[in-house]
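Here is a guided walk through one protein model and the molecule it holds. Keep the sequence and the 3D view side by side as you read.

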Amino acid sequence: MVASPRLPPKASDIFELISRSACETEQLGERLGACVSAGDVVGLTGELGTGKTTLIRGLAKGLGIDPNLVRSPTFMLMREYPGRVPLIHVDGYRLNQPGSAVWEDLAWIFTPTKITVIEWAERLHGCLPEDYLELELAHRTTNQRTIRAIGHGPRSHNLVETVQRGLSPPR
Ligand SMILES: Nc1ncnc2c1ncn2[C@@H]1O[C@H](COP(=O)(O)OP(=O)(O)OP(=O)(O)O)[C@@H](O)[C@H]1O
Ligand SMILES: [Mg+2]
């Protein structure tokens, strides 16, 4: 699959926050889960243990899915959790051979009737849809993480705005 060139996101398509605990990261996920709709794609990037699965657990909760069902699908590549809108959970950790048949087969994970979240989304580079929400997680201290949300495309831009509005303190 050949990726079409992307326009770089504008400053308004990006927001960054600091999570001070796993619980805060889960709450951010829950907030996002209340805002996503069928067809949305969320790609999470970041090193081991930055909180990708933790955030997805919260996202599942926000969708009304039991968060205890959510586990890193590292050895399974993909899991699906049934819910009001089904959630597809992909782990790209083992996908380190761009252009391989495995990558070509992945297009079906993006479907207009489900929500797709991808850990190690950087390893699916070139296979991601035009419009997706990127979440960059990074270690800050033992219990703190920097989380940057970047909307690639208009749909994800709106998602960034909606989540950001919900996180802003009331005026
Ligand atoms: N602010 C925080 N946000 C998220 N997780 C945190 C935070 N502080 C500490 N943690 C801990 O970091 C770990 C994150 O684990 P998690 O499995 O979510 O990471 P991951 O990015 O999915 O890792 P992997 O790349 O192995 O799949 C958990 O043990 C969690 O309790
Ligand atoms: Mg994980």
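The paragraphs below take the sheet, then the helices, then the ligand. One caution comes before that: this is a predicted model.

Start with the sheet. It is open and has 7 strands. Their order is E1-E7-E6-E2-E5-E4-E3, and the pairing is mixed. Which strands lie at the edges? They are E1, residues 14–19, and E3, residues 78–81. Each of these two pairs on one side only. From one strand to the next, the twist averages 20 degrees.

Now look at individual pairs. E1 runs antiparallel to E7, and 6 bridges link the two. Phenylalanine 15 has alanine 149 of E7 as its bridge partner. E7 also pairs with E6, again in the antiparallel sense, this time over 9 bridges. In that region leucine 137 stands opposite isoleucine 147 of E7. How many residues does the hairpin from E6 to E7 use as its link? The hairpin joins the two strands through 2 residues.

The parallel sense appears elsewhere in the sheet. E4 (residues 87–91) and E5 (residues 115–119) pair that way over 5 bridges. Here histidine 89 has valine 117, in E5, as its bridge partner.

Helices pack on this sheet. H2 touches E2 (41–45), E3, E4, E5 and E6 (132–141). The direction of H2 makes about 165 degrees with that of E5. H4 packs on the sheet as well, touching E1, E6 and E7. Its direction makes about 140 degrees with that of E7.

Next come the contacts between helices. Two packed helices are described by the angle between their axes and the distance between the axes. Take H1 and H2. They pack at about 40 degrees, with their axes 6 Å apart. H1 is therefore oblique to H2, since the angle falls outside the ranges that count as roughly parallel, perpendicular or antiparallel. The crossing of H1 past H2 is right-handed. On the H1 side, the contact includes Ala22, Thr25, Leu28 and Leu32. On the H2 side, Thr54, Leu55, Ile56 and Leu59 are among the residues met. By class, the residues of this contact divide into 8 nonpolar, 7 polar and 5 charged.

H1 also meets H4, which spans residues 154–167. Their axes come within 10 Å and cross at roughly 125 degrees. That angle makes H1 oblique to H4. Which way does H1 pass H4, left-handed or right-handed? The crossing is right-handed. H1 contributes Arg31, Leu32 and Cys35 to the contact. H4 contributes Leu159, Thr162, Val163, Gly166 and Leu167. The residues of this contact divide into 5 nonpolar, 2 polar and 1 charged.

Last comes ligand 1. It has 18 residues around it. Which of them come nearest? They are Thr25, Gly51, Lys52, Thr53 and Thr54. Three elements each supply at least two residues of the shell: H1 (22–35), H2 (52–62) and E7 (144–152). By class, the shell has 2 nonpolar, 12 polar and 4 charged residues.

Finally, put the parts together. Thr25 is among the residues that come nearest to ligand 1, and Thr25 of H1 also takes part in the contact with H2. Thr54 likewise is among the nearest to the ligand, and it belongs to the H2 side of that helix contact. E7 supplies residues to the ligand shell, pairs with E1 and pairs with E6.

Technical notes
Residues are numbered from 1 along each chain as its sequence is written. Chains are lettered from A and ligands numbered from 1 in the order in which they are written. This is a predicted model: local features need pLDDT of at least 70, side-chain atom pairs count only at pLDDT 80 or more; totals for chains, interfaces and linings use all residues. A residue is near a molecule or strand if its C-beta atom, placed from the backbone, lies within 6 Å of it. Helices (H or I, at least four residues) and strands (E, at least two) are DSSP runs, numbered from the N terminus. Ala, Val, Leu, Ile, Met, Phe, Trp, Tyr, Cys and Pro count as nonpolar, Asp, Glu, Lys and Arg as charged, and the others, Gly among them, as polar. Axes are lines fitted to C-alpha atoms, for helices over the stretch in contact, and angles run from 0 to 180 degrees between N-to-C directions. Angles under 35 degrees count as roughly parallel, over 145 as roughly antiparallel, 65 to 115 as roughly perpendicular and the rest as oblique. A crossing is left-handed if the near helix is turned anticlockwise from the far one by less than a right angle, and right-handed if clockwise. Two residues are in contact if their C-beta atoms, placed from the backbone, lie within 7 Å. Two strands pair if DSSP finds at least two bridges between them.
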